[in-house]
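Pull up the model and give it a slow turn on your screen. We'll walk through it piece by piece.

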Amino acid sequence: MSLAAEAFVSQMAAAEPWPENATLYQPLREDQILLSDCASSLAVQAYLRMCGLPVQVVCRANAEYMSPSGKIPFIHVGNQVVSELGPIVQFTKAKGHSLSDGLDDVQRAEMKAYMELVNNMLLTAELFIQWCDDATANEISRPRYSSPYSWPLNTILAYQKQLEVRRKMNAIGWGKKTLEQVYEDVSQCCQALSQRLGTQPYFFNKQPTELDALVFGHLFTILTTRLTSTELAERIKSNSNLLSFCRRIEQSYFEGKSS
């Protein structure tokens, strides 16, 4: 199919209404999913709920390999498959659903900058702790990541994933960081988010944007996920307005609502 034809098909798909059977795929919730994937999945769920778009969450052991980008989560809407929050935001916007249309150009640029901060700091810190901290990797990440598979595939897949993440950390200059340095990066990120939020209910006052969904996904998951140390969660808890922010979104968009 030519690029023009693909663009036409995408435009036609975007013009179709959001279906009731839209599906979000993620790894197995109880036994397999790790902190970073859980945070990314929750961010997308929060975003779709903020948009008022129904989605059914389906857990699959091979979700990572089903994803077109190899990243979690991804959504299946009609005949379209879209992975990761950024592309999903663009996809829903093409369908007429956007949380940031009310922002001006300066606010939109600021929102994108804070989203980059979250991805560069919180997401990277989650991956580092999962796979570069030996205690966490050995006690939690490797057993959970490989749990759906039998030996020797479980050992091979966990080793490959750990090697992949450690190579990424080396490439972005995080390979030689200590755990304390990573915790400090998280603290600085949370302080920046706390200052931007202030006493507002959301980062851009009274209505949530995709930034609110992204921050909630990562902070709430860190606060509620068991790790070998509570230090990561403690860095968030020192910012009381971020705790209130997480509670506000949980109450508004998740409590009493089915997935």
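The tour below goes from the sheet to the helices around it and then to the pockets.

A quick word on ground rules: this is a predicted model, so local features need pLDDT of at least 70 and side-chain atom pairs count only at pLDDT 80 or more, while totals for chains, interfaces and linings use all residues. Residues are numbered from 1 along each chain as its sequence is written, and side-chain values use heavy atoms, with hydrogens and water left out.

Let's begin with the sheet. It is an open one, built from 4 strands in the order 2-1-3-4, with mixed pairing. Strands here are DSSP runs of E with at least two residues, helices are runs of H or I with at least four, and both are numbered from the N terminus. Two strands pair if DSSP finds at least two bridges between them. At the edges sit strand 2 (56-59) and strand 4 (80-83), each pairing on one side only. From one strand to the next, the twist averages 25 degrees.

Now step through the pairings. Strand 1 (residues 23-26) runs parallel to strand 2, and 4 bridges join them; T23 has Q56 as its bridge partner in strand 2. Strand 1 is also joined to strand 3 by 3 bridges, but that pair is antiparallel, with F74 of strand 3 as the partner of Y25. Strand 3 and strand 4 are antiparallel too, paired over 4 bridges, and V77 stands opposite Q80 in strand 4. The hairpin of these two strands has 2 residues between them, and G78 takes a positive phi near 65 degrees there.

Next, look at what lies across the sheet. Helix 2 (residues 35-50) crosses strand 1, strand 2 and strand 3 (74-77), running at about 165 degrees to strand 1. Helix 4 (residues 85-94) lies across strand 3 and strand 4, at about 135 degrees to strand 4. Angles run from 0 to 180 degrees between N-to-C directions, and axes are lines fitted to C-alpha atoms, for helices over the stretch in contact.

How do helix 9 and helix 11 pack? Helix 9 (residues 210-224) meets helix 11 (residues 240-253) at an angle of about 105 degrees, with the axes 10 Å apart. The two are therefore roughly perpendicular, a label for angles of 65 to 115 degrees. Contact (heavy atoms within 4.5 Å) involves residues including F216 and L219 of helix 9 and F245 and I249 of helix 11.

Finally, the pockets. A pocket is an open set of points on a 1 Å grid over the protein atoms alone, where a 1.4 Å probe fits and protein lies on both sides within 12 Å along at least five of seven lines; lining residues have an atom within 4 Å of a point. The largest has a volume of about 830 Å³, volume being the space filled by probe spheres set on the points. Of its 39 lining residues, E84, L85, G86, N119 and L123 are the closest to the centre. Helix 5 supplies the largest share of that lining, 10 residues.

The second largest pocket has a volume of about 580 Å³. It is lined by 25 residues, with R29, I33, C38, T221 and T225 nearest its centre. Helix 2 gives the most to this lining, with 5 residues.

Terms used: Angles under 35 degrees count as roughly parallel, over 145 as roughly antiparallel, 65 to 115 as roughly perpendicular and the rest as oblique.
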